[in-house]
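Reader: I am new to this structure and should like to be guided through it. May we proceed by question and answer?

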Amino acid sequence: MASSRDDFVIAIRSAFLKKSYQQKFSLLTLIFLSLIIIVLGSFNLKAIQLFKVGINEVVYRSSFIVSVPENYIKKLNLQFTEHMELFDNYKKNEILLNDLKKKKLSNDFLELENKKLRELINESIQSKDIYAKVLVDRDSPYLKSIILNKGSKDKVKLGMAIVDDIYLVGKVIEVNYTNSRVLLLSDLNSKIPVLLEPKDVHAVVSGTGKNYGVIEYTKDEYDQEADESETIVYTSGYGGLFKPGLPIGKIIKDKNSKKNIVNFFSDFRQLDYVKIVSYVVESKY
Amino acid sequence: MSSLNKDTFLRSLLFYFPTLILFLSVLNEIDLNYLNIEYFSFNFVYILIFYWTLKNANYLGYGSIFISGLINDVVIGTPIGISSFCFLLICAVTAYLRNITITPHFINDWISLLFTILLVNSIQALALDLIFSFEVNYMKYFINTGFTFIFYPLFLFIFDSLERKIKIKKND
């Protein structure tokens, strides 16, 4: 009995403390080191933040380089699919183009009217765009995020809006010297104040961890109203973080759950280049 | 002379192949641990670490495993140190198994893998949920554990043939 317990202790001791000729550290040392890193990581100390930024800089760049062949294959596959669907897409786009031409006419008028009204109340929106390349867009079960190649040296700040063409895709949550991490709208922790048009209802779009969002904090009758007509989701600009009027997505009914979900305009899995947008509302009063 | 150099290079490449694959899988954008497919995912890194450290700890150094864990945390966005801790726990189990096993048997290793990943995933999920307040889907962890266990024989077959090649090259 005592000898089997001794064997167990010897095996455990050997597993944790024994180093072979090529190992520089014992297992126990490294386990303690990881525990120390976990504990220190939860403190917001300057030195730890700098250490984290350093690691992020190296890892993000390396991850980008390592993923080059895979991204090339992905791109080839996408090009091939697009090529195969060329004719169908052409037909669809032709119809869409005619529709858009009609809408553009009324849109031009609205833009002019909006400009005049802003001049009337002496208010103007100054926005500044920074173009950035997506370095890493690896999906994770914990965080829906992308890494951009612009950081604090390019004057990127926490909370800045990220736009794909004209569609909002997320906000900056971590800034390093030459790169930054963006929390996508689809992340569980993402909450954006929005305006549902044409009903003019204020709400919040929350991420679900999947490729769609849900509407939160609205009146109960909203759900029934949404069924009747097409509803587009825009940023409301509340909280001063995002420029008002950035399109986010369209509300559709989910076939499985029979609930209203926000279908994002931008496909977050195919982001190559994005714009980092900062804006200021200037009032002359 | 040139063939001798080529052979040495090939031998080193084969010897460091597990380390290379480990770093590629944590740095690469394709994450087999999260394939975005409903009810399907498996942890390739766990299989890799379990197999190679169980065979011989020299194939995959503990230092490399520790660093790959840190990289994994940065890339997937979990608190730094969590993955290193989990990877090293697997190493601890395999080191213990190596010490108590005289004649290795596939079934024993396979069952041990199940217990190891159940232990490691439980620790990881609980730490993320209770300490770091991450939204954790326990069902996904359960499915992931199941598929990692199921896929082990497939990778065992591949890694076994690779290990044989490494041994042959080493003895040349």
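Author: Two strands count as paired if DSSP finds at least two bridges between them. The model discussed here is predicted.

Reader: In which sense do strand 7 and strand 8 of chain A pair?

Author: Pairing requires at least two bridges, and strand 7 of chain A and strand 8 of chain A (residues 213–216) have four bridges. Within this pair, Gly207(A) stands opposite Gly213(A) of strand 8. The sense of the pairing is antiparallel.

Reader: Which residue in the turn of that hairpin, formed by strand 7 and strand 8 of chain A, has a positive phi?

Author: The hairpin of strand 7 and strand 8 of chain A leaves five residues between the strands. In that turn, a positive phi of about 85 degrees belongs to Gly209(A).

Reader: How many bridges join strand 6 and strand 7 of chain A?

Author: Strand 6 of chain A covers residues 191–197, and strand 7 of chain A covers residues 201–207. Lys191(A) stands opposite Ser206(A) of strand 7. These two strands also form a hairpin, with three residues between them and a positive phi of about 60 degrees at Asp200(A) in the turn. Their antiparallel pairing runs over six bridges.

Reader: Turning to chain B, how many helices and how many strands are there?

Author: Read along the sequence, chain B shows the pattern α-α-α-α-α-α-α. The count for chain B is therefore seven helices and zero strands.

Reader: Is helix 3 of chain B largely enclosed or largely open, and why?

Author: Helix 3 of chain B spans residues 44–55 and reaches 17 Å from its first C-alpha to its last, close to the 16 Å expected. A residue is buried if 20 or more other C-beta atoms lie within 10 Å of its own. Residues that are buried in this helix include Val45(B), Phe50(B) and Trp52(B). Because 10 of its 12 residues are buried, helix 3 of chain B is largely enclosed by the rest of the structure.

Reader: How are helix 2 of chain A and helix 5 of chain B oriented towards each other?

Author: Helix 2 of chain A (residues 27–41) and helix 5 of chain B (residues 82–100) pack with their axes 9 Å apart, at an angle of about 160 degrees. Angles over 145 degrees count as roughly antiparallel. Helix 2 of chain A and helix 5 of chain B are therefore roughly antiparallel.

Reader: Of which hand is the crossing of these two helices?

Author: Among the residues that make the contact are Leu27(A) and Ile31(A) of helix 2 of chain A, and Phe85(B) and Leu88(B) of helix 5 of chain B. The crossing of the two helices is left-handed.

Note on methods
Residues are numbered from 1 along each chain as its sequence is written. Chains are lettered from A and ligands numbered from 1 in the order in which they are written. This is a predicted model: local features need pLDDT of at least 70, side-chain atom pairs count only at pLDDT 80 or more; totals for chains, interfaces and linings use all residues. The expected span of a helix is 1.5 Å times one less than its number of residues. Axes are lines fitted to C-alpha atoms, for helices over the stretch in contact, and angles run from 0 to 180 degrees between N-to-C directions. Angles under 35 degrees count as roughly parallel, over 145 as roughly antiparallel, 65 to 115 as roughly perpendicular and the rest as oblique. A crossing is left-handed if the near helix is turned anticlockwise from the far one by less than a right angle, and right-handed if clockwise. Two residues are in contact if their C-beta atoms, placed from the backbone, lie within 7 Å.
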